[in-house]
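Trainee: I would like to learn how to read a model of this kind feature by feature. Could we take each idea in general and then turn to the case at hand?

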Amino acid sequence: MREWTREEKYRYLKDPQELLELYGKISKSAYRQTYHIQAVTGLMNDPNGFVWYENQWHLFYQWCPWGAVHGLKHWYHIVSKDLVTWKNLGVCLLPDQNDGYDNKGVYSGSAMPIGDKMYLYYTGNHRDADWTRKAYTCLARLGRGGWPEKYPLPLFGSNPDYTEHQRDPKIICLPGSDRYYMIIGAQTKDKRGCALIYSSEDLQHGWTFAGELKVPGFENFGDMWECPSIERLGGRDVLLFCPQHLTIPGRGGSQNHNGYILGNMDWETLTFKPDGQFHVLDFGFDSYAAACANNLQEPDKAILIAWMGVPDLSYPTDEEDWSGCLTLPRELTVRKRRLIQQPLPELKKLRDERLSTQADEQGVFALPKGAEIEVEVRPGPFSLSLFTKADGSGGLTISCDEAQKEITVDRGRMETRFNISEGEERKRPLEEGLYHLRIFIDSSSVEIFVNDGEAVFTSRVFPTAEEHFCHVEGDAFVRMWTMKRAVKEEFLI
Ligand code: FRU
């Protein structure tokens with residue numbers, strides 16, 4: 001694997017032409033996605049600033065232009081009218097080259113529109129000459145079609161009572177309240193993960209520290225919380241966050257998790273009272289830093305999108321100098337004290353041609369590069385293997401143990417195995433056994449929605465040219481569609 005020097009990782013982007021050759025190279029990769037958002041070049045990680053503004057959806061992603069490395073982060077901007085097809089707008093927020101507050105990265109954050117302006121809240125990742133880290137909460141303003149104006153001074157610096165791991169501001173606007181809140185991921189000096197709350201009456205000024213979020217029972221839960229947010233949904237509050245360096249039974253050696261707690265948020269006392277335990281948001285292998293859209297037109301609705309990757313891991317396309325993509329957008333609801341995630345109804349627009357799922361004499365049918373597969377599973381033993389070889393061997397297998405009412409996803413029999421230390425199998429109990437699957441495959445990913453959103457498994461997969469068949473065992477009705485291209489390969493920096 002390539003070793004990057006600090007100079008290479010944190011090189012400033014001077015001219016888009018510097019990336020043209022790299023773009024030419026990666027756009028030939030067999031693993032470039034066809035209907036998922038992916039990095040124009042280099043590495044993408046968290047979705048940022050997801051918001052409805054001026055009649056379209058805006059989304060940004062953490063972007064390091066140079067290759068598959070967590071180096072100098074920018075915000076790259078994309079837009080969509082329907083959350084299905086997306087257009088590149090180019091880089092939006094660049095790190096300051098003159099030792100500014102974000103000299104070593106424009107880190108994650110969120111957006112809120114007021115009037116004809118959109119306000120972008122982000123973490124300025126500053127490094128002193130001796131590489132000491134400092135975190136600032138910064139603001140930029142984007143007007144119609146314009147270049148963003150960064151505010152010359154940060155809204156506030158780091159809170160000295162915590163370590164410098166303070167980042168990822170999520171701006172929250174409570175209906176009927178004249179105050180805005182901001183929730184920030186942080187770490188206490190004795191290395192416990194937590195969230196800090198700031199508040200102000202004005203989006204642009206007067207932000208003050210309101211206190212540490214109290215979450216009874218979760219005082220010692222991982223050593224850092226990344227990307228926290230509080231969403232209101234179905235009359236409940238949901239605290240979404242990514243606790244780090246925590247081992248969760250059934251999650252292999254994985255140390256970084258994205259999950260949620262349902263409960264009630266009291267903004268007076270800054271207490272989130274949990275109603276139940278911490279739940280993993282996505283049971284697959286590659287999902288992190290989920291963000292919900294702000295400024296939705298319908299109250300009590302939430303749309304979530306996540307990074308299809310995990311910190312500190314490497315992926316096979318790292319060799320090709322690119323990595324990362326985003327999940328499909330999902331609609332969230334609450335059912336029986338759990339979050340239910342379903343693909344947005346609009347995504348049905350992507351279905352193109354209906355293909356046969358009639359098995360040949362080897363018991364398999366061919367998979368196109370991008371497809372949606374819908375399966376009605378009837379009682380009895382069941383398994384479905386994606387990306388098998390022509391004889392039905394290998395692949396990623398979804399199976400259900402009827403007696404235990406438990407679904408298993410196993411990617412350990414694919415030719416290209418990666419991040420094996422994280423475990424190659426994930427399981428999840430199902431209330432009434434398995435009855436329905438909606439599966440979205442793209443060139444290098446799979447998202448499996450189980451039983452109308454009861455569970456989701458999101459994973460990267462890197463099938464070889466031979467691995468493009470599907471093998472079903474058990475009693476099931478399977479339909480499959482090819483998918484239209486939804487993301488243009490467009491070199492726009
Ligand atoms: C999460 C994260 C954030 C940070 C960003 C940097 O993946 O580590 O906490 O702001 O990525 O790219």
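Trainee: How many cavities of 30 Å³ or more does a search of the whole structure find?

Mentor: On a 1 Å grid over the protein atoms alone, a cavity is a set of points where a 1.4 Å probe fits but cannot get out, and lining residues have an atom within 4 Å of a point; grid points are joined across faces, edges and corners, and a volume is the space filled by probe spheres set on the points. Searched in this way, the whole structure holds seven cavities of 30 Å³ or more, and the largest has a volume of about 180 Å³. Its lining comprises 21 residues, of which Pro47, Gly109, Ser110, Lys170 and Ala291 are the closest to the centre.

Mentor: Before we go on, please keep in mind that this is a predicted model, in which local features need pLDDT of at least 70 and side-chain atom pairs count only at pLDDT 80 or more, whereas totals for chains, interfaces and linings use all residues. Residues are numbered from 1 along each chain as its sequence is written, and side-chain values use heavy atoms, with hydrogens and water left out.

Trainee: Which strands each supply at least two residues of the lining of the largest cavity, and what is the character of the residues in that lining?

Mentor: Strands are DSSP runs of E with at least two residues, helices are runs of H or I with at least four, and both are numbered from the N terminus. Strand 1 (42–53), strand 5 (106–114), strand 9 (167–173), strand 13 (224–233) and strand 18 (288–292) each give at least two residues to the lining of the largest cavity, with strand 1 providing the largest share, five residues. By character, the lining of this cavity divides into 10 nonpolar, seven polar and four charged residues, where Ala, Val, Leu, Ile, Met, Phe, Trp, Tyr, Cys and Pro count as nonpolar, Asp, Glu, Lys and Arg as charged, and the others, Gly among them, as polar.

Trainee: Since strand 1 has come up, is Asn48 buried or exposed?

Mentor: Buried means under 20% relative accessible area, exposed over 50%, and partly exposed in between, with a 1.4 Å probe and protein chains only. Asn48, which has its place in strand 1, has a relative accessible area of 1% and is therefore buried. Taking contact to mean heavy atoms within 4.5 Å, and leaving aside neighbours within four places in sequence, Asn48 touches Leu59, Phe60, Tyr61, Gln62, Trp75, Tyr107, Ser108 and Gly109.

Trainee: What is the order of the strands in the open sheet of five strands?

Mentor: Two strands pair if DSSP finds at least two bridges between them. Here the order is 4-3-2-1-20, with mixed pairing. Strand 4 and strand 20 (322–323) each have a single partner strand, so these two stand at the edges and one side of each is left without a neighbour in the sheet.

Trainee: How does strand 3 pair with strand 2 and with strand 4?

Mentor: Strand 2 (residues 56–64) pairs with strand 3 in the antiparallel sense over seven bridges, and Gln62 stands opposite Trp75 there. Strand 3 and strand 4 (residues 87–93) also run antiparallel, joined by five bridges, with Tyr76 opposite Val91 and Val79 opposite Lys87. As for cover, seven of the seven residues of strand 3 (residues 74–80) are buried: His74, Tyr76, Ile78 and Ser80 point one way, while Trp75, His77 and Val79 point the other way.

Trainee: Which residues take a positive phi although they are not glycine?

Mentor: Most residues other than glycine have a negative phi. Among the exceptions here is Asp99, with a positive phi of about 60°, which lies in the loop between strand 4 and strand 5 and is exposed, at a relative accessible area of 52%. Another is Asn295, with phi near 65°, in the loop between strand 18 and strand 19 (302–307); Asn295 is partly exposed, at 32%. In the hairpin of strand 3 and strand 4, which has six residues between the strands, Leu83 takes a positive phi near 65°.

Definitions and conventions: 1 Å grid on protein atoms, 1.4 Å probe; cavity = no way out; pocket = protein on both sides within 12 Å on 5 of 7 lines; lining within 4 Å.
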